Amino acid sequence: MKTENIIDPDIVSKKGISTPAIVMLALAVISFALLTGIDDKTTSLPVMLMTAGGILGAVGLIMLLAGKRTLVHAPTGSKVRARVLTFEAEELDKLQKAMETRQFTQLGRLRQQDSGGVRLDMLLTADNRYALVSLYKYVPFDYELVGEPVKFHDEDAASFAAAMAQGGA
């Protein structure tokens, strides 16, 4: 799913801390701590603990540096979820009209497809108070933006989200 096509300064990407990365780093530290307490160097346990600690430490560090990115609506701090829906090409006019008039009740009745001639990209906040919607029309080998992305706030965004949920989208 391409969310980079939708550009809005209100939508920012925040990096969070990965809990599995912290757990792996803690296990690596425990593994190395256990290694220092072993006096018997004839068993394979020290080698196993060192190997496990090294692998856990390396993987945990990589996961921590890579982090977990989430999209956030900057003014409200609400998490944003990105979705892409595709419709039959004949539905483009109905989608455009619904976006212009903000009459979202008919959206649930439009025919969706796995890969259609029209693509609707949307960013919805978790509280349904903000939505950013873009329409794309399929041209050979790619989708082209139709019009400008549309922003919905407050009641309009909640109505849009309800229509998308009602239509099984």
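**A walk along strand 6**

Select L123 and L132: L132, in strand 6, is the bridge partner of L123. Strands are DSSP runs of E, at least two residues long, and helices are runs of H or I, at least four residues long; both are numbered from the N terminus. Two strands pair if DSSP finds at least two bridges between them.

Before moving on, note that this is a predicted model: local features need pLDDT of at least 70, side-chain atom pairs count only at pLDDT 80 or more, and totals for chains, interfaces and linings use all residues. Residues are numbered from 1 along each chain as its sequence is written, and side-chain values use heavy atoms, with hydrogens and water left out.

**First stop: strands 5 and 6**

Select residues 118–125, which are strand 5. Strand 5 runs antiparallel to strand 6, and 7 bridges join them. Now go to the hairpin of these two strands, with 4 residues between them. Pick N128 there: its phi is positive, near 55°.

**Second stop: strand 6 itself**

Select residues 130–139. Is this strand largely enclosed or not? Of its 10 residues, 7 are buried, so strand 6 is largely enclosed by the rest of the structure. Buried means under 20% relative accessible area, exposed means over 50%, and partly exposed lies in between (1.4 Å probe, protein chains only). In a regular strand the side chains alternate between the two faces of the sheet.

**Third stop: strand 7**

Add residues 142–153, strand 7. It is antiparallel to strand 6, with 9 bridges joining the two. Which residue of strand 7 stands opposite L132? It is K151. Next, select Y138 and find Y143 opposite, in strand 7. The hairpin of strands 6 and 7 has 2 residues between them. In the turn, F141 has a positive phi of about 75°.

**Fourth stop: helix 1**

Select residues 19–36, helix 1, and pick I30 within it. I30 has 46% relative accessibility, so it counts as partly exposed.

**Last stop: the whole protein**

Show everything. The protein has 4 helices and 7 strands. Read along the sequence, the pattern is β-α-α-β-β-α-β-β-β-β-α. Along its principal axes the C-alpha trace spans about 75 × 35 × 25 Å. Of the 169 residues, 34% are buried.
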